[in-house]
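This report describes selected local features of a single model. It covers a helix and the residue that follows, the cysteines, and one threonine with its surroundings.

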Amino acid sequence: MATEPESGAPGRGKKAAAWAWALAAVICWGVMFPVGDLLMKEGRMAPSSVGAFRYLFAAPALLAAAFATHGRKAFPSGVRDGVAVALLGLVGSAAMAELLFIAQETVASVNASLLEAYVPMQVLVLSALCGGRTTARQIAGIALGFAGSLFVLRAADFGGLRLGVLSRGDLFVFLSGLCWAIYTALGRPVARRLGGLPFTAWTVLAGGLWLLLWQGANGERPTPPSTRLEWGCVLFLAAFPTGIAFLGWNEAQKGVALHHLSFLEYFPPLVAAAFGAAFFGETATPCQWFGLAVVIASAALVAGDGTGR
């Protein structure tokens, strides 16, 4: 879930720290899916409330970091950027989270974690549809990644296709990834003007506010966490997959090439599967592990082309 990199050439002494930040972000995003799965299946919070409070708890720290590093330049520059941030927060934060958490009411965390694998593929497709250059290697990588995703979803196995097992939740995961892909593709010019960290902070805040408005428009009352499980999960989602992961990814982009970071984005499903098996009793079949390996192979194919998001 990368944002646009900050400007400026990285120093050699910062590369190790940049890679450490990148790996920390990948782990945080991978663990997010089993924790979200636990919350949506065991808690009583509405998906909109989960997303809203996750973002609203994380936004102050992200904004503080943005102003500490950018000063007054962290504010959107003019009405155009303010409107863009609000709309991108609606798509990339609010809609993405709403669809993901609705999906996690019914699908396993390893299925939900495919969000991370879908996004780079979806960004490449959107880029091609908008006239961007697409190589044969990229097309092959997209096809291979799609095939691997079918194995993870159990819609394919070594005996053939099993498309009947796909559910409404799997569709919502795909649409959630599409929201983030649109946010990534359309947000690049704004992220370049504002800087990656301020852009992330403002769109996170906008996403939380949009979700509160969505609940109000539907006649729902925003429901904050009430049990220890709900508080623990929401605070975890705010602190780690939102706060630390986004801050870490922003730092990583200063010292790691973007096509390498894009490759790392295929690893959260592996983290989700391993963490879910170790702590939540979830199991992945040999076909699903095979699918995850195929997805990572597809990422290596695209990354080897020197491309990035």
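In this predicted model, Arg154 adopts a positive phi of about 65° just after helix H6. Helix H6 itself spans residues 136-152, a run of 17 residues. The distance from its first C-alpha to its last is 25 Å, close to the 24 Å expected at 1.5 Å a residue. The buried residues of H6 are Gln138, Gly141, Ile142, Gly145, Gly148, Ser149, Leu150, Phe151 and Val152. In general, residues three or four places apart in an α-helix point the same way, because there are 3.6 residues a turn.

A search for disulfides across the whole structure returns zero. Cys179 is buried, with a relative accessible area of 13%, and Cys287 is buried at 14%.

A further buried residue is Thr203, which belongs to helix H8 (residues 196-217). Thr203 counts as buried because its relative accessible area is 0%, under the 20% cut-off. The accessible areas of these three residues are listed below.

| Residue | Relative accessible area |
|---|---|
| Cys179 | 13% |
| Cys287 | 14% |
| Thr203 | 0% |

What does the side chain of Thr203 contact? The Thr203 side chain makes a polar contact with the side chain of Tyr183, at 2.9 Å. In addition, a polar atom of the Thr203 side chain lies 3.0 Å from the backbone oxygen of Thr200. Leaving aside residues up to four places away in sequence, Thr203 touches Val85, Leu88, Gly89, Ser93 and Tyr183.

Methods
Residues are numbered from 1 along each chain as its sequence is written. This is a predicted model: local features need pLDDT of at least 70, side-chain atom pairs count only at pLDDT 80 or more; totals for chains, interfaces and linings use all residues. Side-chain values use heavy atoms; hydrogens and water are left out. Helices (H or I, at least four residues) and strands (E, at least two) are DSSP runs, numbered from the N terminus. The expected span of a helix is 1.5 Å times one less than its number of residues. Buried means under 20% relative accessible area, exposed over 50%, partly exposed in between (1.4 Å probe, protein chains only). A disulfide is a pair of cysteine sulfur atoms within 2.5 Å. A polar contact is a pair of N or O atoms within 3.5 Å; within protein, one must be able to donate a hydrogen and the other to accept it, and residues adjacent in sequence count only if both atoms are side-chain atoms. Contact means heavy atoms within 4.5 Å.
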